[in-house]
Amino acid sequence: MTRNICKILILLLCISCSKEENDPAPSPTQNMYFPPLTGNTWETTSISDLKWNQTEVQPLLDYLELKHSKSFIILVNGRIVLENYFNGHSATTNWYWASAGKTLTSTMTGIAQQEGLLNINNKVSQYIGTGWTSETLAKENLITCKHLLTMTSGLDDSTDDVDPANLIYKADAATRWAYHNVYVKLQDVVAKASGKTWDNYFNTKLRDKIGMNGNWVQLGVNSVYTSTSRSMARFGLLMLNKGKWENNQILNETYFNEATSTSQNINLGYGYLWWLNGKTSYRLPQSQLTFSGSVIPTGPNDMFMALGKNDQKIYVIPSKNMVIIRMGDAADNVNLALSDFDETLWEKISALYK
């Protein structure tokens with residue numbers, strides 16, 4: 001009996017050793033870090049700590065500088081891995097988000113909904129009155145807040161102007177996807193629903209709660225957010241954590257999940273003003289063509305993105321607990337949101353950790 005027990009113990013020990021040799025222990029996962037709301041303190045983690053490829057850092061930074069970048073930040077578990085500034089830019093310089101700031105409007109719409117101030121399924125005219133377009137009342141009343149979030153208002157996208165005379169019927173709401181500046185009307189909806197100015201509601205409910213700086217600037221018909229790169233990174237970190245900052249659920253997870261999932265069946269690569277990677281097809285601004293495959297084929301499939309003119313970027317990658325920020329001038333020619341720059345940039349980013 002004793003001999004049999006010994007044999008079993010030896011067998012178990014051998015199995016244990018074999019498993020240990022073939023299956024390396026998983027790397028310890030850090031807890032999620034959130035920088036203090038005030039001051040400049042922000043924990044860091046090193047390339048060597050992550051066991052990434054140090055030799056791939058300089059080629060990435062050289063490429064970023066070559067492509068007219070002004071700032072670049074990588075966060076992992078909320079900690080800064082890389083933070084670099086180029087071409088006279090600094091950590092205290094504000095820069096415009098361009099259309100990457102659409103995601104701020106999406107987030108604020110969700111916050112207003114969770115506070116019971118609005119419902120995204122209600123028609124826009126319920127909040128800002130009728131006559132906000134030049135459509136017939138029947139067609140205008142088809143347009144809900146959700147249609148503005150998903151770029152499916154059906155309004156003519158040949159102009160960015162958002163005065164009623166330029167908001168012209170092209171198709172019934174929900175039947176056509178077109179990248180259009182009319183989303184900005186959601187800021188009016190939130191202001192009317194909350195009884196506060198857009199800036200005041202935004203600062204109180206989002207900006208100040210996660211320690212961002214910055215402000216909204218009216219540039220023609222565009223309402224554009226400007227901030228430091230770290231403030232953009234703070235927003236990315238909030239989204240990485242599904243709308244939660246430490247123990248404070250700023251945006252509810254239900255809305256967050258909707259916003260970062262395919263929102264309609266025309267452009268699978270689009271949520272609520274967020275771009276989505278890893279879908280089977282997508283559409284681009286100023287086009288009615290459908291392209292097969294992922295928006296950024298070299299990027300992670302679970303990545304969701306805030307993308308703005310002249311290559312303003314927030315990449316959020318849940319599977320890697322990673323947020324990446326890029327601010328700057330256009331990498332190549334002026335572009336609306338996406339460019340070949342994304343694809344090459346992701347080849348160089350992924351070389352860090354592959």
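Start by selecting Leu-276, which you'll find in strand 8 (residues 275-276). Keep in mind as you click around that this is a predicted model. Is Leu-276 buried or exposed? Leu-276 has a relative accessible area of 2%, so it counts as buried, the cut-off being under 20%. Now bring up what touches it. Leaving out neighbours within four places in sequence, the contacts of Leu-276 include Thr-260, Ser-261, Thr-262, Leu-268, Val-295 and Phe-304. For a distance check, pick the C-alpha atoms of Leu-276 and Tyr-315: they are 39 residues apart along the chain and separated by 9.9 Å.

**Next stop: strand 13**

Select residues 322-328, which make up strand 13. How many of its residues are buried? The count is 7 of 7, so to speak a mostly covered strand. Look at which way the residues point: Met-322, Ile-324, Arg-326 and Gly-328 go one way, while Val-323, Ile-325 and Met-327 go the other. That fits a general pattern: in a regular strand the side chains alternate between the two faces of the sheet.

Now add the partners of strand 13. Strand 1 (residues 69-76) runs antiparallel to strand 13 and is joined to it by 7 bridges. Zoom in on Ile-73 and you'll see it standing opposite Ile-325. Strand 12 (residues 312-317) is also antiparallel to strand 13, with 5 bridges joining the two. Here Val-316 stands opposite Val-323. Strands 12 and 13 form a hairpin with 4 residues between them. Click on Asn-321 in that turn: its phi is positive, about 50°.

**Then the rings**

The structure holds 22 aromatic pairs. Try Trp-198 and Trp-216, an edge-to-face pair with 5.6 Å centre to centre and 65° between the planes. Trp-198 lies in helix 8 (residues 198-207) and Trp-216 in strand 4 (residues 215-219), so this pair ties together parts that are 18 residues apart in sequence. Both are buried: Trp-198 has a relative accessible area of 7%, and Trp-216 has 9%.

Stay on Trp-216 and add Phe-202. These two are also edge-to-face, at 5.4 Å centre to centre with 80° between the planes. Phe-202 lies in helix 8, so its pair with Trp-216 in strand 4 links parts 14 residues apart in sequence. Phe-202 is buried too.

Want the wider view? Ring pairs link these residues into a cluster whose members include Trp-97, Tyr-225, Phe-235, Phe-256, Trp-274 and Phe-304. You've met Phe-304 before, as a contact of Leu-276.

**Last stop**

Finish with Lys-348 and Tyr-63. The charged end of Lys-348 sits over the ring of Tyr-63, 5.5 Å from its centre.

Note on methods
Residues are numbered from 1 along each chain as its sequence is written. This is a predicted model: local features need pLDDT of at least 70, side-chain atom pairs count only at pLDDT 80 or more; totals for chains, interfaces and linings use all residues. Side-chain values use heavy atoms; hydrogens and water are left out. Buried means under 20% relative accessible area, exposed over 50%, partly exposed in between (1.4 Å probe, protein chains only). Contact means heavy atoms within 4.5 Å. Two strands pair if DSSP finds at least two bridges between them. Rings of Phe, Tyr and Trp (its six-membered ring) pair if their centres lie within 6.5 Å; planes under 30 degrees apart count as stacked, over 60 as edge-to-face and the rest as tilted. A charge sits over a ring if NZ of Lys or CZ of Arg is within 6 Å of the ring centre and within 35 degrees of the ring normal.
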